[in-house]
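Visitor: I should like to learn how to read a structure of this kind. May we go through it feature by feature?

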Amino acid sequence: MSYHTSIWPLAAVLISLLGAIPIMLSDRRPNLRESWTILIAFTKVMIVASMLPTVLNGGGFVFTIAEVIPNVPIELRVDAMGMFFALVASILWLFTSLYSIGYMRALDEHDQTRYFASFAVAISATLGVAFSANLLTLYLFYEMLSLSTYPLVTHHNDAEAKTSGRKYLTYILGTSIGLALPAMLIVYSFAGTLDFKIGGILAGTGATPQTLALVLILFLFGFAKAGLMPFHGWLPAAMVAPTPVSAFLHGVAVVKVGVFSILRVIFHIFGPDLLFEVNLGVVITTIASITILTASLVALTQDNLKRRLAYSTIGQLAYMILGAGMLTAAGMTGGLLHIAMHAFGKITLFFCAGAIYVAAGKKYISQMDGLGRRMPLTYLAFMLGSISIIGMPPLGGFISKWNLVIGAVNGDQLILLLVLLTSTLLNAAYFMPIVYRGFFAKAADPVFDEGIKEAPLFCLVPLLATACASMTLFFYPDIFLRLAKLALFP
Amino acid sequence: MTTSNLHMYVMAVPLITAMFVNMLGRISPKYVAPLTLGALGFSSLASLGVLRQVLEYGGYSYTVGNWAPPMGIELVIDPLSALMLLLISVVSLLATLSALPMVAKEQAGKEHLFFTLYLILIAGLMGLVMTGDAFNLYVLLEITSITTYGLIAMGKGRAPLASFNYVIMGSVGACFYLLGVGYLYILTGSLNMADIASILPQLGGGAAVATALGFILVGLWIKMALFPLHGWLPNAYSLAPTGAGLLVAPLMTKVSIYLMIRVMFSVFGADYLFVQNPLVQSGMVWLASAGIICASCMALAQRNLKRMLTYIIVAEVGYMVGGVWLANSIGMTGAILHIVNDALMTLCLFLVVAAIAYRTGSLEFDNLRGIYKRMPITMAAFTVGAFSMIGVPPTAGFFSKWYLILGGIEAGHWEYVIALLFSSLINAVLFFRIIEIAYFDGRGEQGKIQRDEAPLIMQGPLVLTAVALIAIGLGSGPLVQGIIKLALPAGF
């Protein structure tokens, strides 16, 4: 595989970071400020998309920012796996930007400039993680994401927001400094490099299986954004943030950055062969399975819609790690694909939750009976998103789940098959009643039957668009499938 | 080899200017600022020249007054001392910019006295990093200590008491050092470091050499406030006048660590220290680790920004001492890089302290509510300094910590690795606690908070230091490869 030196990876990362400056300068002029947000989001998608053809042809781009540590520069590299994630993140950011405008204005939120500026930094960091050429660069952007999302979690400035912010930082920063950083240093002391390489860099370095197991566990929990239990507590707490933040950051960017980091480590630091050799896949799948089942069960008990979505996210994130831990071709492909499929589905669901809050002011599922008759389009989108998460055709989630099932069968890991099936049933159990009761139950509030009243267009259009995209991915998953294959088996 | 004597000017100009500051300052305080800034500006440029010379032509030694060593005083200018020289002059220049308005406010009418001591202290620090003579080192150590006592005693309230406490502890430390040098003189008949180093191996160790080493090291540890000998530091530094804290806090402990490196490797040698006495070596790493953990915990208990920072300084001393005693080149690289980084991080945070003190007069946490709205630029710089202390890439603090932890892993000293990680986490708690108070509290109370930034002369160095922290972080590759690799003591 050949990489050209190019400024484009840097441009893709920097555009939104630099974009934070005009956003902050347009503090007093909301229309101008939001135009900047949209313009930057759109340009970002274009830059990422312009690099896509080269990557699909097996090429890539590289840009070195600074030589900081021997053999470990701060370097950006666009490869298939990075492109995969960058594509998902930048497209969904565009939708989220539109949605944010509708949501924040409808609720007349305070400190909108800080909100949009932090958001811009966060998406920069997300693309930085996607395009990182080595673990150090990834760590740098990972921390940047943690710090830039802190003001978003504490957006409401009240006691609850501050407590959640503290919890967020404790889990995210605490684990990355306390667990991921030493793991990275141990890898460096064995391998002398931190470069992401197909097949890994740890094979043949003389690291004992015990050391490898320790490092693996440090990484799995150290990247706590992936929400593996017992380091998942920050995600439900972070739901105090405004809904677009929950939707994009805690449905897509932040949590997927965690998963992406873990997958990078599994695929390109350890390498599946090494993990298979020392039989460490079982460590990954065990932790992931426990998380999947527990999170799905807890989700059933949540009445707050966003919290239910949060627990559902925790379970779904563990699917991706589970797939990677199977160490079979289909399993790993399924794990990676699920990043994209889940992202489109889950962001739809969060958008719907936000739209419901904006249009009806409801947060709790028990108060939403009959609301589907008032907001039919929103509920339709919610249903499509749910089906995608459950993993049924004709939505994107089916593709990744199908691969996961094949992966479990190919690897003779029937217990994992059982985990997947149980979880699917649980997913249906915690999503379908919401849709059913929304359309058919007796209205919790008589006003629900008094005609249709949807959220503002800026909210409604993005959520319908992501729902449609989620369905499109079932019929045309080719780009993501090809990128996943390229990332794993070049 | 070069015959340059540029380094003499680096030290002499502040020293001589001190006299003029004293004399002309009596006539009018308006002479103080141009004289002080001029002298330090010159020193900064000249020390940059010295560093470039050393990097190009290699280190050299210089005999003062042409008296040949071992009788005469020898100055040694190698990459490490040239780097320290540059660090001292640049940090003191930046500190002075902010100290000038601060002193005019806090010590009005005594500016000339303050800056006389201030400049002598800087000249003394510069002498310390250049000298190649063990006794001369003692003399300079006393010069810096006595000027510091004076500066601290100029503070308000309990400052004279804190200074007195420091006088006692500092004098004990100096006595220990002098006793050690006495032992060495009896053993070798010489006071020149290189000379002693060439004679010592022939003596084959023994109790007398060990005693000399013990006395010298304990003396220096008191001066650098290594846990558990740190008792004097928090009071002395937090009660000192803000202007004095600006200079003393970033530089004093770091120069003491440089002195420890100098004495350890230019006099006793790595072989004697690490190979012949492995127990001492690993014991020191344990002590440093314990110091890091204890000092971090004590920092947690503070409710005043300045006092909290003083405990962080004590913890950071543990970082560097541990790095030096890890006895491998990565740890040593980390220690030296951390001397540079920590000096700048501490400077950055003390500049913030000065800016806040200038505007509000109080550094209690309770008085920092909503300060982000009031002083956004100051607090932005604070955030960068805080991230560097926590060790968030790409700030400078991350990279020195990287080398230190890696050195700990290579040496198998896991207690040190754990102590560093623990301290990073505690720092995260410490600083985010302040960020939370300063950012989220006090919003909406008592109407809108007015923007009220520190004067430009205080903001300038602040912003510059914050930018330098990121620039040094990104440039740490060339810095390590181009300078610090050359500055490692022989045997690494």
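**Reading the two chains**

Guide: Let us begin with overall form. Chain B has a radius of gyration of 22 Å, and this agrees with the value near 23 Å for a compact globule, because chain B has 492 residues. Please keep in mind that this is a predicted model.

Visitor: What box do the C-alpha atoms of chain B fill along the principal axes?

Guide: The box is roughly 75 × 55 × 45 Å. As for its secondary structure, chain B comes to 20 helices and two strands.

Visitor: What share of the residues of chain B count as buried?

Guide: The share is 61% of the 492 residues. Contacts give a further view of the fold. Among contacts in chain B with a separation of 6 or more, 80% are accounted for by residues 24 or more positions apart.

Visitor: How many residues of chain A are in contact with chain B?

Guide: On chain A, 23 residues are in contact with 23 residues of chain B. Strand 2 (59-69), helix 5 (135-153) and helix 6 (159-191) of chain A each supply at least two residues of the side that touches chain B. Helix 6 of chain A gives the largest share of that side, with twelve residues. Sorted by class, the side of chain A that touches chain B has 15 nonpolar, five polar and three charged residues.

Visitor: How should I read the strands of chain A? In which sense do strand 1 and strand 2 of chain A pair, parallel or antiparallel?

Guide: A general idea helps here. In a regular strand, the side chains alternate between the two faces of the sheet. In this structure, strand 1 (residues 2-5) of chain A pairs with strand 2 of chain A in the parallel sense, over four bridges. Tyr3(A) stands opposite Gly60(A) in strand 2 of chain A.

Visitor: How many bridges join strand 2 of chain A to strand 3 of chain A?

Guide: Seven bridges join them, and strand 2 and strand 3 (residues 72-78) of chain A run antiparallel. Within this pairing, Ala66(A) has Ile74(A) in strand 3 of chain A as its bridge partner. The two strands form a hairpin with two residues between them, and Asn71(A) in the turn has a positive phi of about 70 degrees.

Visitor: Which other residues of chain A have a positive phi?

Guide: Consider two that are not glycine. Phi of Asn279(A) is near 60 degrees, and Leu327(A) has a positive phi of about 65 degrees. Asn279(A) is found in the loop between helix 10 (272-277) and helix 11 (281-301) of chain A. Leu327(A) has its place in the loop between helix 12 (305-326) and helix 13 (329-360) of chain A.

Visitor: Does the burial of these residues follow from a count? Why does Asn279(A) count as exposed?

Guide: Asn279(A) counts as exposed because it has 11 C-beta neighbours inside 10 Å, and the cut-off for an exposed residue is 12 or fewer. Leu327(A) has 22 such neighbours inside 10 Å and therefore counts as buried, the cut-off being 20 or more.

Visitor: Finally, which residues does a cis peptide bond join in chain A?

Guide: The angle to read is omega. A cis peptide bond joins Pro393(A) and Pro394(A), with omega about 5 degrees. Pro394(A) is found in the loop between helix 15 (376-390) and helix 16 (397-410) of chain A. In chain B, the peptide bond from Phe227(B) to Pro228(B) is cis, with omega near 0 degrees. Pro228(B) lies in the loop between helix 8 (207-224) and helix 9 (233-239) of chain B.

Key. Residues are numbered from 1 along each chain as its sequence is written. Chains are lettered from A and ligands numbered from 1 in the order in which they are written. Two residues are in contact if their C-beta atoms, placed from the backbone, lie within 7 Å. Ala, Val, Leu, Ile, Met, Phe, Trp, Tyr, Cys and Pro count as nonpolar, Asp, Glu, Lys and Arg as charged, and the others, Gly among them, as polar. Two strands pair if DSSP finds at least two bridges between them. The radius of gyration is taken over C-alpha atoms; the globule rule is 2.2 Å times the number of residues to the power 0.38.
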